[in-house]
Structures are given as structure tokens and as C-alpha cells.
Amino acid sequence: MAIGQKIRELRTERGLTQEMLAKGLGLPRVTLKNYETGYRQVPNDLIPKIAKFFGVTTDYLFGLED
């Protein structure tokens with residue numbers, strides 16, 4: 001599973017809208033949408049911030065652990 005799909009899965013599991021998550025990460029909603037759909041690649045420096053927000057490891061986001 002791609003990292004964007006993982007982000008979407010985590011977001012929906014927690015009942016967050018794209019707007020809510022984008023605000024929590026300090027991003028425009030359209031940017032988050034582009035990450036989730038795979039239209040844009042998530043920047044490497046944002047991955048640890050996303051992992052911290054959701055309380056998961058970066059390995060989990062990359063699909064290296066369950």
C-alpha cells in the first residue's frame with residue numbers, strides 16, 4: 001500500500017476530514033488530497049510529522065510493519 005493510501009486509511013479510521021488533518025499538519029487541504037491520491041509525493045521531511053500525529057512509526061507508513 002502506498003503511503004498516501006496509508007495516510008487516508010489512518011485519517012478515516014480516526015474520523016478526521018481532510019480539512020482537519022491538513023490543519024493539524026499545517027498544510028492546505030488540496031495538498032493533502034494530492035498526497036492521498038498519489039498525485040504528489042509526500043516530502044520526506046513531512047513523513048515523521050505525519051507519523052507523530054497518528055502515533056505510528058515511519059516504517060508503518062511505508063508499509064514495512066503492521
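Buried, as I use the word here, means under 20% relative accessible area. I note at the start that this is a predicted model.

**Entry 1: helix α3**

I began with α3, which spans 29-37. Which residues of α3 are buried? I found Thr 31, Leu 32, Asn 34, Tyr 35 and Glu 36 to be so. I then looked up what they face, and these buried residues pack against α1 and α2.

I took Asn 34 as a single case from helix α3. Its relative accessibility is 13%, and because the cut-off is under 20%, Asn 34 counts as buried. Setting aside residues up to four places away in sequence, I found Asn 34 touching Tyr 39 and Arg 40. I also checked the residues that follow the helix: just after α3, Gly 38 takes a positive phi of about 85°.

**Entry 2: the core**

Next I looked up the largest nonpolar core, which has 18 residues. Which of its members touch the most other members? They are Ile 7, Val 42, Ile 50 and Leu 61. I traced the core back to the helices and found that α1 (3-13), α2 (18-25), α3, α4 (47-54) and α5 each supply at least two residues. The most comes from α4, with four residues. I add one background remark: in soluble globular proteins, nonpolar side chains tend to be buried together.

I followed Ile 7 further. Leaving out neighbours within four places in sequence, I listed its contacts as Leu 21, Leu 32, Glu 36, Val 42, Ile 50 and Phe 54.

**Entry 3: helix pairs**

I went through three pairs, starting with α1 and α4. Their axes are 11 Å apart, and the packing angle is about 25°. Angles under 35 degrees count as roughly parallel, so α1 is roughly parallel to α4. I noted the crossing of α1 past α4 as left-handed. On the α1 side I found Ile 3, Ile 7, Leu 10 and Arg 11, and these meet Ile 47, Ile 50 and Phe 54 in α4.

The second pair was α2 and α3. Here the axes are 8 Å apart, and the angle is about 105°. Because 65 to 115 degrees counts as roughly perpendicular, I recorded α2 as roughly perpendicular to α3. Gln 18, Glu 19, Leu 21 and Ala 22 of α2 meet Arg 29, Leu 32, Lys 33 and Glu 36 of α3.

The third pair was α2 and α4. I found their axes coming within 10 Å and crossing at roughly 115°. From α2, the contact uses Leu 21, Gly 24 and Leu 25; from α4, it uses Lys 49, Ile 50, Phe 53 and Phe 54. I looked up the handedness too, and the crossing of α2 and α4 is right-handed.

**Entry 4: Glu 65**

Last, I looked up Glu 65. Where is Glu 65 found? I placed it in the segment after α5 (58-61). Is Glu 65 buried, partly exposed or exposed? Its relative accessible area is 32%, and because the partly exposed class lies between 20% and 50%, Glu 65 is partly exposed.

Not counting residues up to four places away in sequence, I found Glu 65 touching Thr 57, Asp 59 and Tyr 60. With Thr 57 there is a polar contact between the two side chains, at 2.5 Å. I also checked Glu 65 against Thr 37: the two are 28 residues apart in sequence, and their C-alpha atoms are 22 Å apart in space.

Key
Residues are numbered from 1 along each chain as its sequence is written. This is a predicted model: local features need pLDDT of at least 70, side-chain atom pairs count only at pLDDT 80 or more; totals for chains, interfaces and linings use all residues. Side-chain values use heavy atoms; hydrogens and water are left out. Buried means under 20% relative accessible area, exposed over 50%, partly exposed in between (1.4 Å probe, protein chains only). Contact means heavy atoms within 4.5 Å. A polar contact is a pair of N or O atoms within 3.5 Å; within protein, one must be able to donate a hydrogen and the other to accept it, and residues adjacent in sequence count only if both atoms are side-chain atoms. A nonpolar core is a set of buried Ala, Val, Leu, Ile, Met, Phe, Trp, Tyr and Cys residues joined through side-chain atoms within 4.5 Å. Axes are lines fitted to C-alpha atoms, for helices over the stretch in contact, and angles run from 0 to 180 degrees between N-to-C directions. Angles under 35 degrees count as roughly parallel, over 145 as roughly antiparallel, 65 to 115 as roughly perpendicular and the rest as oblique. A crossing is left-handed if the near helix is turned anticlockwise from the far one by less than a right angle, and right-handed if clockwise.
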